[in-house]
Amino acid sequence: MTNLLEVSDVSVTFDGFRAINNLSFAIAEPELRAVIGPNGAGKTTFMDIVTGKTRPDSGRVLWGERQVDLLKLSESQIAKTGIGRKFQKPTVFEEQSVRENLAMALANRRGPFSVLFWKATAHDQARIEELAAEIGLADRVDHRAGDLSHGQKQWLEIGMLLAQEPRLLLVDEPAAGMTPAERAHTTDLLKGAARSRAVMVIEHDMEFIRRLDCRVTVLHEGAVLAEGSLEHVTRNQQVIDVYLGR
Amino acid sequence: MKASLMPRSIRMAILFACLVATVAFRAAPVAAQSPLQEVLQTVQDQVANPARRTVPEVLDALLATEAPGRLEFLRAWAEREVYVRPGDGLFFYARDAADQSLVLLDIDTGAEIDRVGSRDVNQIRPNAGVRREIAAALVKFELLDPEPAQRRAALETVARSPDPEQIPALRAALAEEDDPGIAARMERLINLLVARFAPDTATRVAAVESLSGDISTEARRVLNQLLQTRTDFAETRPEDTNLATLRTVGGDIGLEDAYARLADAGHFPPRPGHNAIRDALRAHVVAGEVGGVPVHRLDTDAARHEAYRALEEAGSVPPLVTQADMEAAVSQYVFFDAYLEPDPAVTDAARAALDSTRTAISAWQFLGITLDALSLASIFFLAAIGLAITFGVMRVINMAHGEFIMMGAYTGYVVQTLIPSYTVSLVVALPLAFGVAFAAGVSMERLVIRHLYTRPLETLLATFGISIALQQLAKNVFGTQARPLTAPDWLAGAIRFNDIVSISTIRVAIFVLALMFLLLLLYILNRTRLGLEVRAVTQNPGMAGSMGISPDRINMLTFGLGSGIAGVAGVAIGLYAQVTSEMGANYIVQSFMTVVVGGVGSVFGTLAGAGLIGALQKGIEWFNPANTLAAQTYMVLFIILFIQFRPKGIVALKGRAAGD
Amino acid sequence: MTMQLSEDPQAVAPAPRRTFLYENPSVLWFMACLGLFTLIVSVLSEGMGTGLISTSLVKILGMTLCLCLIAIAMDVVWGYCGILSLGHFAFFGIGGYAIGMWLMYARTEIVVRGNLAAGTIPPTEAEVAEAVAAQIFGVVGSSELPLIWTFAGSLPFQLAMVVLVPGLLALVFGWLAFRSRVTGVYLSILTQAMTLALSLYLFQNDTGLRGNNGLSGLQNIPGALDVPQSVLSVWFFWASAAALGAGYLFFAWVVSGKFGSVIRAIRDNKTRVRFLGYNVEGYKLFVFTLTAVISGIAGALYYPQAGIINPAEIAPIASIYLAVWVAIGGRGRLYGAVIGAVTVSLLSSWLTGGGAPNIDFGFYRIVWTDWWLVLLGLGFVLVTLFFPKGIGGLFDYLVRKKE
């Protein structure tokens, strides 16, 4: 099993504050991985680096079989190589319908001319319906995304991620603000997705992670503190210190 | 001077004879006539009807007599204060009386003689040429005048109309002079005159060399005069002229130009130009043909030449000169530029002197440009700093900022109409303008901007709406014509370093004002509680809010502060430009540029932006002085490119606070 | 700085896979209104008979249609894509200059040839060119034809310039600006700077476009010099109406599909769009350039009706007015832009042209020419504050009420 994404010795500094400190990390395909860590551990910055939003001061980020250097690509190019990202705050396009949101995310050509002359094929239509069903929004495809509940927006965003057909999914706190039932559905969605691709989930909620039942990476002060099964890391003395604040 | 009918010496002799005769007659009782009047009567016609041609003799004669009061008379004559009575031809001074009549005064005693209507006597009106002659004659006396002001004035007269004859007068005066400033000026004038007029080469070269490094306009004018050239030609390279450069035909001088010179000198037939050929053809149309070519075909140059050739062969037109003809003609001659000044030693020295002056001039010009740029930068700073503060703190662009500038300027104007003393009104206007603009800014923030904080683009548009409304209101109230905002006398002059560098006092004052505001702002922002809060809101509004700083109050105060400074800037700008309803709009784009280039929310950024834009604009004007519009165009283009490389300006906020 | 314009009006596309016009009923309505309006104006015009509408009014109406065309272009770039460009009127002016060069050159050439033909021998081509140049550029003290006028005599070339010059300028400028991620108010100021630079450049006498004299006599169309202005004005009115109709259809098609979906998404959250794999800057550049081209075409139709173009037309303020029209009419809906342009520009002509009666209070007399701008400015502030959806927002209200 080769690694899909390899991050090695990455550091980034904001105004003298080291947000990421010689971080190394790897994820394979398919794999489900949870990343946990206290506030300010650098979880979101780490995602920013992988997706091209933040440029690190040093280190390497390599992608795929051909070891593409992601640091040389723009955000949209990284997205096109197959990395999808879900933000902490649900960010769907509220003014547009669920269908439009999903259609935009479909893995079609992204150039202005192709998009201008794009017409939904039968396959596209079917895919949208299928995704809508998967995220539980089959009966709401033509509603404004802004009218959805908080949880539904989260699902829509996950649906958009899936529509992109990425090889790696970065999911930032998907369960925040969800009811227990919604959480269960979200867990299923993510586990389903991880059957064929790499999925990295950032989450605070231990119960949620327990349910994901996957390998866990603990970040602290911008570096990897521990890695392994949830049982393994929760027994780690350093992790306990960090979480209990010593 | 035009050639006179008689040789000058003969005329002089006759005049002298007359004068001597007059002096001889003095013994005889010529009752009413005083000495000066007497002398004048001998040359009555030349004095009453002065002409450039005759005036030198009158002057020589008059000055030779040493009659008292003759200098005063000459001055009065030149100033058109002398009157002649047609009846007896006597000369008088005159004074205006109450009832539009004139009181005639005796030219010797100054006593009142008569009271006449202005039509009873003729005012003598010497023309400019005559007046110059008179002034030149007076100079040597005035140079010795006890009043320094008179001597200085006399020196300026010399400088205006240089004449070799003034050299001895100046030397004599220099020997007597005890004022060092005037003496220095005399020395320089002597050098200038000697350089141009002295008879022997060595003296002139020495004088020219003494002008080397002298950056005054006078000195450079003299040197340039010495280096004037004329373009000429000869069959061989000329040996007897003071050659400046040889010209190569086709390079330094065009072929047609060169040939035209030869033709003008009569060496070759003139070349019929395009129009001449056309006119010749027109004149020779015979039965719809010219030289065998049908008229309708004559719409190409080839056909026209063909027809012209035919006419030429018939001998009815001058020959057509072809390119080859011209080349052949021109090749027989050498074309060159020669100095008008025949002495090569003098021209060499003058060239060397000018070369050595050039560096000094460049340095001074650079200083001048720097001062200009500094002054422009301080205006931009004053105009933009308010905008920078509000933009930095509130992230809104205030398009009405220019109208706050205008408001301040009109406040200054209104105050000036109420308070007669310019100094007092300025002292009142500055704080008042701040107050008015502050109030306007705060009310605008409260009424409009406060509701649009989440929509920055719409703030831009809403403030634009306010801007056009305010502009039109000002037009309705104050009219469309420009209103003056007069600076007090102590600000009206200019500080003059030399002929190259001078700066108007008002610009210095604006610079000082900008400096004061810079220090004041730095103090407010760095040393006061308000400043701390403002900086906190600038860097992280959310965090500042959660720490108990009321962003509402800070926004209101900063907006007021920014607007108030704009008001003060308005008074400053109004003092040297005029107050119109559109004056704000003229500054707003530059102010935006200053803010954008400098970097948002930083006093030093704005300072750097203003400095860069001021320097840039003046720098571009230096390369293309005639065209300020072009300078502005290039400046804007530069700024667009600048943004490419530093999108956040010179002084950029870093990290997460930048609010990307 | 992230721009959140969530208040923006958004028509939610309803059911899937129906025809374009069914999905966009407003397009049908608009085309019907435009057709009807064109018919009425034509019938009532002086040139076609009845003469109830004077030639000058026909021209004003035709010009207004051109302004509507640039307004919908502005709406697409600002209302849909979120780029507040304060430079689109510059593209409009460039289009006007490009066609104006041909109009002026070709007409002067006809006049000059007429004059020279009276001579005993026919003029050479060089003489004609020289006389034309002297005629056109005498006013700026020059008699040489500037380089940019080399092909001014060719209509196809200048027509190509109408499209190419604004397009290329927008492409280069946009590429520079978007590449360095200049957004929000910065971008607005930068586009304004571009406009300012252009108008200052044109104000110079030596740039070959007659400085502040501009180009004049554009109402005379070479090849149709015998046609009376009353008829020409109707032709241009038709052309403007056709251009507006075609432009409206085109833009409605552009913004209704997935492309519209993407550019609206860019307006609302460009970071998110980037992570969906779209090249946000590419899209912005595409929209910016496309709308610039349409603006150029609108200008090329406008100025032959106005008869004169000078650099003052391109001054930054004109582009801001354009934004005002779109904001008052209602952003993010094409008919809103049309409503705004029509309302504001016609009201402006009416009030400043002396059409409106002045109001005399005894102690003060309201002269509309003096107060119109105050009214517009304050009205605009009120619209921004209280009716961010503009006049077009009223339609939403009516539709909701009906439901």
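Two strands are said to pair if DSSP finds at least two bridges between them. With this definition in hand, the reader may turn to the structure above, which is a predicted model.

The first feature to consider lies in chain B. Here 5 strands form an open sheet, in the order β4-β3-β2-β1-β5, and their pairing is antiparallel. Two of these strands, β4 (112-117) and β5 (122-123) of chain B, are the edge strands, since each of them pairs on one side only. In general, the strands of a sheet pair through backbone hydrogen bonds, and the pairing may be parallel or antiparallel. One pair within the sheet may be examined in detail. Strand β1 of chain B, residues 82-84, and strand β2 of chain B, residues 91-96, run antiparallel and are joined by 3 bridges. In this pair, Val82(B) has Tyr93(B) of β2(B) as its bridge partner.

Chain B also offers an example of helix packing. Two packed helices are described by the angle between their axes and by the distance between the axes. For helix α21 (residues 505-527) and helix α22 (residues 529-539) of chain B, the axes come within 5 Å and cross at roughly 80°. Angles of 65 to 115 degrees count as roughly perpendicular, and α21(B) is therefore roughly perpendicular to α22(B). On the side of α21(B), the contact is made by Ile524(B), Leu525(B), Asn526(B) and Arg527(B); on the side of α22(B), it is made by Leu530(B), Gly531(B), Val534(B) and Arg535(B). By character, the residues of this contact are 4 nonpolar, 2 polar and 2 charged.

A further pair of helices is found in chain C. Helix α9 (residues 258-268) of chain C packs with helix α11 (residues 280-306) of chain C at an angle of about 110°, and their axes are 11 Å apart. This angle makes α9(C) roughly perpendicular to α11(C). The crossing of α9(C) and α11(C) is left-handed. Where the helices meet, α9(C) contributes Val262(C), Ile263(C) and Ile266(C), while α11(C) contributes Val280(C), Tyr283(C), Lys284(C) and Val287(C). The residues of this contact comprise 6 nonpolar and 1 charged, with no polar residue.

Finally, a single residue of chain A may be considered. Asp213(A) is located in the loop between α8 (206-212) and β9 (215-220) of chain A. Is Asp213(A) buried or exposed? A residue counts as exposed if 12 or fewer other C-beta atoms lie within 10 Å of its own. Asp213(A) has 12 C-beta neighbours inside 10 Å and therefore counts as exposed. Asp213(A) and Lys191(A) are 22 residues apart in sequence, and their C-alpha atoms are 9.1 Å apart in space.

Key. Residues are numbered from 1 along each chain as its sequence is written. Chains are lettered from A and ligands numbered from 1 in the order in which they are written. This is a predicted model: local features need pLDDT of at least 70, side-chain atom pairs count only at pLDDT 80 or more; totals for chains, interfaces and linings use all residues. Helices (H or I, at least four residues) and strands (E, at least two) are DSSP runs, numbered from the N terminus. A residue is buried if 20 or more other C-beta atoms lie within 10 Å of its own, exposed if 12 or fewer, and partly exposed in between; C-beta atoms are placed from the backbone. Axes are lines fitted to C-alpha atoms, for helices over the stretch in contact, and angles run from 0 to 180 degrees between N-to-C directions. Angles under 35 degrees count as roughly parallel, over 145 as roughly antiparallel, 65 to 115 as roughly perpendicular and the rest as oblique. A crossing is left-handed if the near helix is turned anticlockwise from the far one by less than a right angle, and right-handed if clockwise. Two residues are in contact if their C-beta atoms, placed from the backbone, lie within 7 Å. Ala, Val, Leu, Ile, Met, Phe, Trp, Tyr, Cys and Pro count as nonpolar, Asp, Glu, Lys and Arg as charged, and the others, Gly among them, as polar.
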